[in-house]
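Hi,

Here is the structure I promised to pass on. Have a look at it first, and my notes follow underneath.

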Amino acid sequence: MFMKCVRWLMIFVLWALSGCNLNRLKEAKESLDSHDLATAEKRYRAILESNPQEIEALSGLGWTYHLALKRDEALSQFSYCLGIEPTNIECIRGKSSVILAQGDANQARLWLDKALTIAPDDPEVLVSDAIWMLAQGEISKASRQLEMVIRRVPENGRYRLPYAEALIREGRPKDALEQTEISLQSDIPRRTQAMVWILRARA
């Protein structure tokens, strides 16, 4: 009877800790989406203090550093994440994005190819792939791929941001403007909203 009670107590504690961790991850992501990078970093670090191998916190902190232009710190986080879980798509995308921002398009391509091998139909991976194309001047190819993704997941307003960018570069400002309007009507993070408004002004 005593051992049974102990087992149930352990299950309850683990369940409570899991719920607490989910709430903390949610709060950290909300800070990241709001572009409150200082708070996001603080919250992700607090999670990692208690669980250094929390994959979602590692990837979140990596993106936080990436957006804060702390490339070396971001690369370190994504690399550590992949040391724990080598096939984690979010950390592969993050590492590729940082490497591309550092100017090594070929190395970034290798990581994107790995992501595409693991998850060839993942919309996030396909969008990252299209962003790489944009960076290399493959505008029409990127535009077609982004249009395909949007047809598959029209409710995701974030994907319309790079698509509008591609349309502007194709010389289609009216179409780009339409995409920004649709994006702003959807539920997108605050940091994405700011970028959409800037792109809208350009269109």
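**Ser143 and its helix**

Ser143 sits in helix α8. Keep in mind throughout that this is a predicted model. Is Ser143 buried or exposed? Ser143 has a relative accessible area of 3%, and since anything under 20% counts as buried, it is buried. Leaving out residues up to four places away in sequence, Ser143 touches Tyr163, Ala166, Leu167, Glu170 and Arg172. If you want a distance to check in your viewer, Ser143 and Ile131 are 9.6 Å apart, C-alpha to C-alpha, with their positions 12 residues apart in sequence.

The helix itself covers residues 139-152, which makes 14 residues. From first C-alpha to last, α8 reaches 20 Å, close to the 20 Å expected at 1.5 Å a residue. Ser143 has company on the buried side of things: Ile139, Ala142, Gln145, Leu146, Val149 and Ile150 of α8 are buried too. And what covers those buried residues? The cover includes α7 (123-135), α9 (160-169) and α10 (173-184).

**The chain as a whole**

Stepping back, the protein chain has 11 helices and zero strands. Read along the sequence, that gives the pattern α-α-α-α-α-α-α-α-α-α-α. There are 203 residues, and buried ones make up 42% of them. As for how the contacts are spread, take those with a separation of 6 or more: 45% of them are between residues 24 or more positions apart.

**Two more buried residues**

Thr180 is in helix α10, one of the helices that cover the buried residues of α8. Thr180 is buried, with a relative accessible area of 2%. A polar atom of the Thr180 side chain lies 2.6 Å from the backbone oxygen of Leu177. Setting aside neighbours within four places in sequence, the contacts of Thr180 are Ala164, Val196, Leu199 and Arg200.

Asn88 belongs to a loop instead, the one between α4 (71-84) and α5 (89-101). Despite the change of setting, Asn88 is buried as well, at a relative accessible area of 12%. The side chain of Asn88 places a polar atom 3.2 Å from the backbone nitrogen of Glu90. Beyond four places in sequence, Asn88 is in contact with Ile55, Cys81 and Leu82.

**The largest pocket**

You will probably want to look at this part. The largest pocket has a volume of about 1,500 Å³. It is lined by 44 residues, and the closest to its centre are Trp63, Leu67, Ile131, Arg191 and Met195. Ile131 is the residue I paired with Ser143 for the distance above.

Which helix gives the largest share of the lining? That is α7, with seven residues. At least two lining residues each come from α1 (2-33), α3 (55-67), α5, α7, α9 and α11 (190-202). By class, the lining of this pocket is made up of 21 nonpolar, 10 polar and 13 charged residues.

**Backbone oddities and an exposed alanine**

Most residues other than glycine have a negative phi. Two residues here are worth a look on that score. His35, which is not a glycine, has a positive phi of about 65°. His35 is in the loop between α1 and α2, and at 41% relative accessibility it counts as partly exposed.

The other is Leu69, also not a glycine, whose phi is positive and near 65°. Leu69 is in the loop between α3 and α4. Is Leu69 buried or exposed? At 60% relative accessibility, Leu69 counts as exposed, because the cut-off for that is over 50%.

Lastly, Ala38 is in helix α2 (residues 37-50). With a relative accessibility of 57%, Ala38 counts as exposed. Ala38 and Tyr65 are 27 residues apart in sequence, and their C-alpha atoms are 9.6 Å apart in space.

That is what I have for now.

Best wishes

Note on methods
Residues are numbered from 1 along each chain as its sequence is written. This is a predicted model: local features need pLDDT of at least 70, side-chain atom pairs count only at pLDDT 80 or more; totals for chains, interfaces and linings use all residues. Side-chain values use heavy atoms; hydrogens and water are left out. Helices (H or I, at least four residues) and strands (E, at least two) are DSSP runs, numbered from the N terminus. The expected span of a helix is 1.5 Å times one less than its number of residues. Buried means under 20% relative accessible area, exposed over 50%, partly exposed in between (1.4 Å probe, protein chains only). Contact means heavy atoms within 4.5 Å. A polar contact is a pair of N or O atoms within 3.5 Å; within protein, one must be able to donate a hydrogen and the other to accept it, and residues adjacent in sequence count only if both atoms are side-chain atoms. On a 1 Å grid over the protein atoms alone, a cavity is a set of points where a 1.4 Å probe fits but cannot get out, and a pocket is an open set with protein on both sides within 12 Å along at least five of seven lines; lining residues have an atom within 4 Å of a point. Grid points are joined across faces, edges and corners, and a volume is the space filled by probe spheres set on the points. Ala, Val, Leu, Ile, Met, Phe, Trp, Tyr, Cys and Pro count as nonpolar, Asp, Glu, Lys and Arg as charged, and the others, Gly among them, as polar.
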